[in-house]
Amino acid sequence: AGKLMSLVVCASVLLFIVASGLLTSSINNWFSIQVEKSLKSSFDVAQSFYEKAKTDTLYSAEVLSLYIAKNDLLQRSAKPELAKAIEEKKAELHLSGVELFDARARLLSRSIDRKLLKGGFLKTAPELVQKGAQEEKMAIVRSSKAGDIIIGIAPVYAPDGSAREIVGVIAVSTIIKSSLV
């Protein structure tokens with residue numbers, strides 16, 4: 001009777017250990033698949049958000065570029081109107097910063113929010129302005145202390161538009177707060 005009892009106890013303990021291992025393995029597999037799917041979905045949402053933000057920022061740069069060309073705001077006599085127009089368009093398009101450069105990448109006008117400056121943004125990188133002067137349109141993301149800064153670059157064409165002469169480059173910036181990053 002003692003041998004039978006010890007055999008039953010050994011078999012029960014062995015069965016318990018095997019069942020416990022199988023249960024733990026099944027739960028781990030199930031949760032790892034769920035977590036993996038959740039992480040992939042979160043990544044996809046974040047990627048879509050950034051792509052939309054880049055598209056919107058580039059669109060804002062193009063809108064400003066057309067507005068400046070259409071109203072011939074790069075002529076010397078339009079300097080006060082240019083600064084006012086940039087401030088108005090910056091607010092209208094919900095931008096954190098606007099910089100306007102001439103065709104040789106010299107800064108002509110600038111309006112930057114404090115939050116962008118606090119984030120460490122000093123000015124648009126010269127190589128980006130050069131690309132805009134070479135007819136490239138682009139939007140990039142730069143990280144900063146305050147969050148990610150999305151910069152949109154677009155060339156500004158001469159008002160007549162017939163020769164498609166580049167007379168300037170517009171750089172617009174939007175900040176995505178670090179709490180969202």
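## Starting with a cut-off

A residue counts as buried when its relative accessible area is under 20%, and as exposed when that figure is over 50%; anything in between is partly exposed. Keep that in mind for Ser173: its relative accessibility is 1%, so it counts as buried. One more thing before we go on: what you're looking at is a predicted model.

Where does Ser173 lie? It's in strand β5. Leaving out residues up to four places away in sequence, Ser173 touches Leu95, Ser96, Gly97, Leu116, Phe121, Ile149, Ile150 and Ile151.

## The overall layout

Let's step back to the whole chain. It has 4 helices and 5 strands, and reading along the sequence you meet them in the pattern α-α-β-β-α-α-β-β-β. The radius of gyration is 29 Å, well over the 16 Å that the globule rule gives for 181 residues, so the chain is more spread out than a compact globule. The box filled by the C-alpha atoms, taken along the principal axes, is roughly 110 × 35 × 25 Å.

How much of the protein chain is buried? Buried residues make up 34% of the 181 residues. As for contacts between residues at least 6 apart in sequence, 56% of them join residues at least 24 apart.

## The outside and its charges

The chain exposes about 11700 Å², and carbon and sulfur atoms supply 61% of that area. Turning to charge, there are 24 positive and 19 negative side chains, with the centres of the two sets 7 Å apart.

Lys40 makes a handy stop on the outside. This lysine lies in helix α1, and at 52% relative accessibility it counts as exposed. Pick Ser26 as a second point: Lys40 and Ser26 are 14 residues apart in sequence and 21 Å apart in space, going from C-alpha to C-alpha.

## Two nonpolar cores

Now for the inside. The largest nonpolar core has 17 residues, and those with the most contacts within it are Leu64, Ile68, Val98, Leu100, Ile170 and Val172. Two or more residues apiece come from α1 (2-70), α2 (79-92), β1 (97-102), β4 (147-157) and β5 (166-177). Which element gives the largest share? That's α1, with 4 residues. There's also a second, separate core of 15 residues, which includes Ala125, Ile149, Ala171 and Ile175.

Leu100 is a good residue to click on in the largest core. Not counting residues up to four places away in sequence, Leu100 touches Ile68, Leu74, Leu82, Ile86, Arg106, Leu107, Leu108, Ser109, Val156, Val169 and Ile170.

## Ile86 meets Ser109

Two of the residues touched by Leu100 are Ile86 and Ser109, and they're worth a look of their own. Ile86 lies in helix α2 and counts as buried, at 1% relative accessibility. With residues up to four places away set aside, Ile86 touches Val98, Leu100, Ser109 and Ser111. For a distance, try Ile86 and Leu107: they're 21 residues apart in sequence and 13 Å apart in space, C-alpha to C-alpha.

Ser109 is found in strand β2 (residues 107-112). Is Ser109 buried or exposed? With a relative accessible area of 12%, Ser109 is buried. Apart from neighbours within four places in sequence, Ser109 is in contact with Leu82, Ala83, Ile86, Val98, Glu99 and Leu100.

## Two positive phi angles

Here's a backbone detail to finish on. Most residues other than glycine have a negative phi. His94 has a phi near 55°, a positive value in a residue other than glycine. You'll find His94 in the loop between α2 and β1, where it's exposed, with a relative accessible area of 66%.

Glu135 also has a positive phi, near 75°, and it too is a residue other than glycine. Which two elements flank the loop that holds Glu135? They're α4 (126-133) and β3 (138-143). At 41% relative accessibility, Glu135 counts as partly exposed.

Conventions: Residues are numbered from 1 along each chain as its sequence is written. This is a predicted model: local features need pLDDT of at least 70, side-chain atom pairs count only at pLDDT 80 or more; totals for chains, interfaces and linings use all residues. Side-chain values use heavy atoms; hydrogens and water are left out. A nonpolar core is a set of buried Ala, Val, Leu, Ile, Met, Phe, Trp, Tyr and Cys residues joined through side-chain atoms within 4.5 Å. Buried means under 20% relative accessible area, exposed over 50%, partly exposed in between (1.4 Å probe, protein chains only). Contact means heavy atoms within 4.5 Å. The radius of gyration is taken over C-alpha atoms; the globule rule is 2.2 Å times the number of residues to the power 0.38. Accessible areas come from the Shrake-Rupley method with a 1.4 Å probe; for residues, only the protein chains shown count as cover. Lys and Arg count as positive and Asp and Glu as negative; His and the chain ends are not counted. The place of a charge is taken as NZ of Lys, CZ of Arg, CG of Asp or CD of Glu.
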